[in-house]
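Visitor: I should like to understand the reasoning behind the terms applied to this structure. Please set each value against its criterion.

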Amino acid sequence: MRDSVSLAARTITTGPQVIQRKLPYMISFQLPDQRATKMLSISPIPAFSDNYIWHLERDGAHWVVDPGDAKPVFEALGDKPLGGILITHHHLDHTGGIAKLRERYACPVYGPGTIDGVTNPLAAGESYEILGLPMRVMDVPGHTLDHLALVLEEGTDNGTPQLHLFCGDTLFAAGCGRLFEGTPAQMHNSLAKLSALPPETRVYCAHEYTLANLRFAETAEPGNAAVKSRIATSQALRADNRPTLPSTIGEELATNPFLRCHIPAVARRAANHGANGANGDSDEVEVFARLRRWKDEF
Ligand SMILES: [Zn+2]
């Protein structure tokens, strides 16, 4: 059971990360010893109006996640070669750049096997080695039925691995993807799987939707102080044209209404806004379904 005390503690632990985010368009996680060449750096390449193509670099190798467009990837790489592509789901704003990137780099493409251009189909529940690091694959249907979440595991000196979650359009900062193909029960279950990852897990969503999502979060749970504080932090970052990502699972548990369907205040608000007009329904899937419908019209 998540209580307000533990949630407050989780919010405080995100403090140092806010400082890291102030580096413009570059978030680097460097180990403190001499293994600089093995450093994993993860940075967003902005695409279209609000997509992020995540650019991973380690030991001189470059990969991208969900390249909806090839052009910004070409510009970000310059004369450096692309080593591989990761894909979370079939939508064109995540896959549209695959053909042109493969034409130039002939690199492998890991993703759902049903997508054109995928050379290495990923299986949910399996682990793969990407950039010399283990990557776990989770199936997270809801936004689409083929949606996968990718969890890259980076070793650290303190023995606790740092996890990096690439969740496409399933989990957003303070929100979640629309249900284009799946059911509320599928999406709720997918979000439950992601929210069970360690709270320190860094969350790399595929869109900059944070401020709009937080406006809904504040309406859905007006008494949540962590939401108000996140609005202030995110507004400052966006005013400076900086990304609000990555987030962490801990931050999402504290502020994302779609991960808080078990909180009575959220369930009550969802019920009051429920399309069925029913009284407070404690079933979490029903609360989730109402929140998602409400957000669709928000
Ligand atoms: Zn999508």
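Guide: The following exchange takes up helix packing, hairpins and a sheet in turn, in a model that is predicted.

Visitor: Why are H7 and H8 called roughly antiparallel?

Guide: Helix H7 (residues 210–220) and helix H8 (residues 225–239) pack at an angle of about 160°, and their axes are 10 Å apart. Angles over 145 degrees count as roughly antiparallel, and therefore H7 is roughly antiparallel to H8. The crossing of H7 and H8 is left-handed.

Visitor: What makes the contact between H7 and H8?

Guide: From H7 come Thr210, Leu211, Leu214, Ala217 and Glu218. H8 contributes Val227, Lys228, Arg230, Ile231, Ser234, Gln235 and Arg238. The criterion for a contact is that the C-beta atoms, placed from the backbone, lie within 7 Å. By class, the residues of this contact are five nonpolar, three polar and four charged. Arg counts as charged and Leu as nonpolar, whereas residues outside the nonpolar and charged lists count as polar.

Visitor: Why is strand S3 described as mostly covered?

Guide: Seven of the eight residues of S3 (residues 51–58) are buried. A residue is buried if 20 or more other C-beta atoms lie within 10 Å of its own, so seven residues of S3 meet that cut-off.

Visitor: How do you know that S3 pairs with S2 and with S4?

Guide: Pairing requires at least two bridges. Eight bridges join strand S2 (residues 40–47) to S3, and five join S3 to strand S4 (residues 61–65), so both pairs satisfy the criterion. S2 and S3 run antiparallel, as do S3 and S4. Serine 43 has histidine 55 in S3 as its bridge partner, while leucine 56 stands opposite tryptophan 63 in S4.

Visitor: What is found in the turns of these two hairpins?

Guide: Three residues lie between S2 and S3, and phenylalanine 48 in that turn has a positive phi of about 50°. The hairpin of S3 and S4 has two residues between the strands, and aspartate 59 takes a positive phi near 55°.

Visitor: What makes S8 and S15 edge strands?

Guide: The open sheet of six strands has the order S8-S9-S10-S11-S14-S15, with mixed pairing. Strand S8 (127–130) and strand S15 (247–248) each pair on one side only, and these are the edge strands.

Visitor: How do you know that S14 and S15 pair?

Guide: Strand S14 (residues 202–205) and S15 share two bridges in the antiparallel sense. At least two are required, so S14 and S15 count as paired. The bridge partner of arginine 202 is threonine 248 in S15.

Key: Residues are numbered from 1 along each chain as its sequence is written. This is a predicted model: local features need pLDDT of at least 70, side-chain atom pairs count only at pLDDT 80 or more; totals for chains, interfaces and linings use all residues. Helices (H or I, at least four residues) and strands (E, at least two) are DSSP runs, numbered from the N terminus. Axes are lines fitted to C-alpha atoms, for helices over the stretch in contact, and angles run from 0 to 180 degrees between N-to-C directions. Angles under 35 degrees count as roughly parallel, over 145 as roughly antiparallel, 65 to 115 as roughly perpendicular and the rest as oblique. A crossing is left-handed if the near helix is turned anticlockwise from the far one by less than a right angle, and right-handed if clockwise. Two residues are in contact if their C-beta atoms, placed from the backbone, lie within 7 Å. A residue is buried if 20 or more other C-beta atoms lie within 10 Å of its own, exposed if 12 or fewer, and partly exposed in between; C-beta atoms are placed from the backbone.
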